[in-house]
Amino acid sequence: MKFLAKLILRIAGWHVSITAPDYPKCIICVAPHTSNWDFILGKLAYLSVGRDAGFLMKESWFFPPLGYILKGMGGIPVSRKKNASLVDIIISKFNSTDNLCIAITPEGTRKKVSEWRTGLLHIAYNAKVPILLGKFDFKNKSIYVDKQLEYTNDIKTDMMRIKDFYKDASACYPDKFSI
């Protein structure tokens with residue numbers, strides 16, 4: 001799978017730099033998220049260096065047979081219902097396993113949003129897992145996962161530091177990306 005992922009990315013002209021530690025448990029904060037290509041390219045990039053990560057995706061994508069494929073790839077369906085506590089579910093998953101890496105987009109959608117979601121911070125704080133920062137640069141066809149957020153356990157401070165990391169990111173659809 002590693003060879004195939006590298007080959008696909010090379011043919012498409014993409015460069016990958018993943019130098020962050022390969023933790024058995026972590027959250028990979030990924031932005032900007034403005035296109036379905038983000039998922040495909042991100043998954044290929046991580047596979048190209050021999051790593052695997054699960055991902056969150058809205059549950060409407062998990063219909064048969066696609067849902068079986070997405071779950072097989074590490075997909076976790078996200079319910080948009082207000083009574084569903086995704087944060088608690090993910091914390092429980094981290095606490096009940098020795099190996100789990102999950103890519104999470106702080107925007108929570110491909111649409112332009114004014115506020116980023118803080119769930120990934122709540123998960124990291126409570127599950128005590130590191131947060132790696134992954135960035136797409138569509139202008140230069142590059143994908144990076146080369147920084148770890150040294151979080152403070154203060155939501156406002158940590159979210160400001162995350163947004164600062166992505167301030168120069170180049171989205172597939174720049175008009176849909178906002179810090």
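Start by selecting Lys128, which sits in the loop between H5 and S6, where helices (H or I, at least four residues) and strands (E, at least two) are DSSP runs numbered from the N terminus. The model is predicted, so local features need pLDDT of at least 70 and side-chain atom pairs count only at pLDDT 80 or more, while totals for chains, interfaces and linings use all residues. Residues are numbered from 1 along each chain as its sequence is written, and side-chain values use heavy atoms, with hydrogens and water left out.

**Backbone stops in the loops**

With Lys128 still selected, look at its backbone: phi is near 55 degrees, a positive value in a residue other than glycine. Lys128 counts as exposed at 69% relative accessibility, on a scale where buried means under 20% relative accessible area, exposed over 50%, and partly exposed in between (1.4 Å probe, protein chains only). Move next to Lys141, in the loop between S6 and strand S7 (142-149), where phi is near 50 degrees, again a positive value in a residue other than glycine; Lys141 is partly exposed, at 34% relative accessibility.

Two cis peptide bonds are worth selecting as well. One runs from Ala31 to Pro32, with omega near -10 degrees, and Pro32 belongs to the loop between S2 and H2. Another joins Pro64 and Pro65, with omega about -5 degrees, and Pro65 is found in the loop between S3 and H3.

**Strand S3 and its partners**

Now select strand S3 (residues 54-58), which runs parallel to strand S5 (residues 100-104) and is joined to S5 by two bridges; two strands are taken to pair if DSSP finds at least two bridges between them. Within this pairing, Phe55 stands opposite Ala103 in S5. Add strand S4 (residues 75-78), which is also parallel to S3 and is joined to S3 by four bridges, with Val78 of S4 as the bridge partner of Lys58. If helix H3 (residues 66-72) is then shown together with S3 and S4, the three elements make a right-handed β-α-β unit, right-handed meaning that, with the strands pointing away from the viewer, the path from the first strand over the helix to the second runs clockwise.

**Ile27 and the nonpolar cores**

Which residues touch the most other members of the largest nonpolar core? Among the 29 residues of this core, they are Ile27, Phe94, Ile131, Ile162 and Tyr166, a nonpolar core being a set of buried Ala, Val, Leu, Ile, Met, Phe, Trp, Tyr and Cys residues joined through side-chain atoms within 4.5 Å. The elements giving two or more residues to it are strand S2 (25-31), helix H4 (86-95), S5, helix H5 (119-127), strand S6 (131-137) and helix H6 (155-165), and H5 supplies the largest share, six residues. A second, separate core of 20 residues includes Trp14, Ala45, Leu47 and Phe136.

Centre the view on Ile27, which lies in strand S2 and is buried, with a relative accessible area of 0%. Not counting residues up to four places away in sequence, Ile27 is in contact (heavy atoms within 4.5 Å) with residues including Phe94, Ile102, Leu120 and Ile131. A C-alpha distance can be drawn here too: Ile27 and Cys101 are 74 residues apart along the chain, and their C-alpha atoms are separated by 5.7 Å.

**Arg51**

Select Arg51, in the loop between helix H2 (36-48) and S3. Is this residue buried or exposed? Arg51 is buried, with a relative accessible area of 12%. Its side chain reaches the backbone oxygen of Ala20 at 2.7 Å, and a polar atom of the same side chain lies 3.4 Å from the backbone oxygen of Pro21. Beyond four places in sequence, the residues touched by Arg51 are Ile18, Ala20, Pro21, Asp22 and Tyr46.

**Salt bridges**

The structure holds five salt bridges, each a side-chain nitrogen of Lys or Arg within 4 Å of a carboxyl oxygen of Asp or Glu. Begin with Asp52 and Lys43, whose side chains meet at 2.9 Å, N to O; Lys43 is buried, with a relative accessible area of 12%. Continue to Arg161 and Asp158, where the closest N and O atoms are 3.5 Å apart. Both residues lie in helix H6, three residues apart, about one turn of the helix; Arg161 counts as partly exposed at 33% relative accessibility, whereas Asp158 counts as buried at 0%. Finish at Lys167 and Asp164, whose closest N and O atoms are 2.9 Å apart, with Lys167 exposed at 58% relative accessible area and Asp164 partly exposed at 43%.

Notes. A polar contact is a pair of N or O atoms within 3.5 Å; within protein, one must be able to donate a hydrogen and the other to accept it, and residues adjacent in sequence count only if both atoms are side-chain atoms.
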